[in-house]
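Colleague: I have a new model open and would like to learn how to read it. Could you take me through it step by step?

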Amino acid sequence: MTFESFFQAQSFLLWATFIIALVMGAVVNKTNFCTMGAVSDAVNMGDMGRMRAWFLAIAVAMLGVTVLEFMGLLNPGDSFPPYRANQLIWAENILGGLIFGVGMTLASGCGNKTLIRIGGGNLKSIVVLLIIGVIAFYMVNPFPGSDQTLMSVLFYDWIRPLALTLTTPQDLGSVAMGKDAAGGRMVIGLVLGLLLLVFVFKSADFRSSFDNILGGLVVGLAVLAAWYVSANVAVDLDGEMHSLSGYVKQWDFLADSAAGKPADSRPLSTQSFTFINPMGQTLGYAAAGFKSTLLTFGVMALFGVIAGSLLWSLISRSFRIEWFVNFKDFITHVIGAILMGFGGVLAMGCTIGQGITGTSTLAIGSFLALGAIILGSALTMKVQYYKLVYEDEASFSKALLTGLVDLKLLPERLRKLEAV
């Protein structure tokens, strides 16, 4: 996918991203693919159908990335965000994942689900999107007239020193095999991906569920397609190939003028879908008067998912305007959105960004974030459930301890409430 000018190549990337995201948005709406719903079904009903669909998406993306990288068609080591960085920010991955998991449960869905619900007419999710966008933007961008961000003020000084600097990239292949990282990635990626497929399809109920299979396949393939497109769009200048991010870095030498130069080269790097940071990017894009220099992969992905969900809502006649039931519902969603904004940036991704895109690179931090997100969400659901059933008898501490016992994280003797 080579083009004679930077603007042709950039336009192709942005529109291809939009189309892939549109398809994903429509199918996610149609199949009710939902990562928070997957956790809820498993925790509250013992139904693993949507969880298997999520794992199917992970398997498809992981196997695809493994093969593409082996063929030399993809290098996730240069991705944005840098999933395979040799600095393992394990504390941020875990804390951010836990916070995000709690937040998405309170706000009725993860970042992707928020966009899907907006496309379906849910006005509550617009409020959630705006709050996440503000926090995500100021987590990485300084306050007006300052050089401080939310990250630097609240987290950086105490949490970043906990990071581990590895001698290799943090993907499992590099950590396990060292010099033979490529072979390690190939073996580990194929083994993990195939094991996930075995787990997913050993269930007869799942094999008979068209929607779950379709949702998992399409989400996984969409993540893979975005990886492939973003990695292979290039500018051909008299036989010399330049990636889009590389072109921007050399803009003064390669371009005729400064007109149209993107504000940042990093969002033009190899990447795939994630939705929390792009919500901040979209806020910045809108606040700046929709300047083309701020239009990124992430912004187009966000628009594409909403458009796809809206398209399916109209086709299926399921579009419904929905607002907050009461003030408590409003406060709950606001708190959830705030937590998602902080947690998603700290963890460096959401249920899609780390849970599928990140894990497809075999990055250790992505697996940590994924586990923390699931734990945070599951524990929140347990606390909510016990508070609902036992009402005043169930203090937060009692519900929390009992939830931890139910999840096999504490011994049975610490149970404070009877299991229900």
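Modeller: Happy to! Let us start with burial: a residue counts as buried when its relative accessible area is under 20%, as exposed when over 50%, and as partly exposed in between. Keep in mind that this is a predicted model.

Colleague: What percentage of the 420 residues of the chain count as buried?

Modeller: The buried share is 54% of the 420 residues. As for the surface, the chain exposes about 18500 Å², and 64% of that comes from carbon and sulfur atoms.

Colleague: Which helices and strands should I expect, and how many of each?

Modeller: You will find 19 helices and 5 strands in the chain. The radius of gyration is 21 Å, close to the 22 Å given by the globule rule for 420 residues, so the chain is as compact as a globular protein of that length. The C-alpha trace spans about 75 × 50 × 50 Å along its principal axes.

Colleague: What do the contacts say about sequence separation?

Modeller: Take contacts between residues at least 6 apart in sequence: 75% of them join residues at least 24 apart.

Colleague: And how many charged side chains are there, positive and negative?

Modeller: There are 26 positive and 26 negative side chains, with the centres of the two sets 9 Å apart.

Colleague: Let us try one residue. Where is Pro 82 found?

Modeller: Pro 82 sits in the loop between helix 3 (49–70) and strand 2 (87–88).

Colleague: Why is Pro 82 called partly exposed?

Modeller: Because its relative accessible area is 41%, which falls between the 20% and 50% cut-offs. From Pro 82 to Thr 380 the C-alpha to C-alpha distance is 29 Å, with their positions 298 residues apart in sequence.

Technical notes
Residues numbered from 1 in each chain as written. Predicted model: local features only at pLDDT ≥ 70, side-chain atom pairs only at ≥ 80, totals over all residues. Heavy atoms only, no water. Helix = DSSP H or I, 4+ residues; strand = E, 2+ residues; numbered from the N terminus. Rg over C-alpha atoms; globule rule 2.2 N^0.38 Å. Buried < 20%, exposed > 50% of the residue type's maximum accessible area, 1.4 Å probe, protein only. Contact = heavy atoms within 4.5 Å. Areas by Shrake-Rupley, 256 points an atom, 1.4 Å probe, with all protein chains shown as cover. Lys, Arg positive; Asp, Glu negative; His and termini not counted. Charge placed at Lys NZ, Arg CZ, Asp CG, Glu CD.
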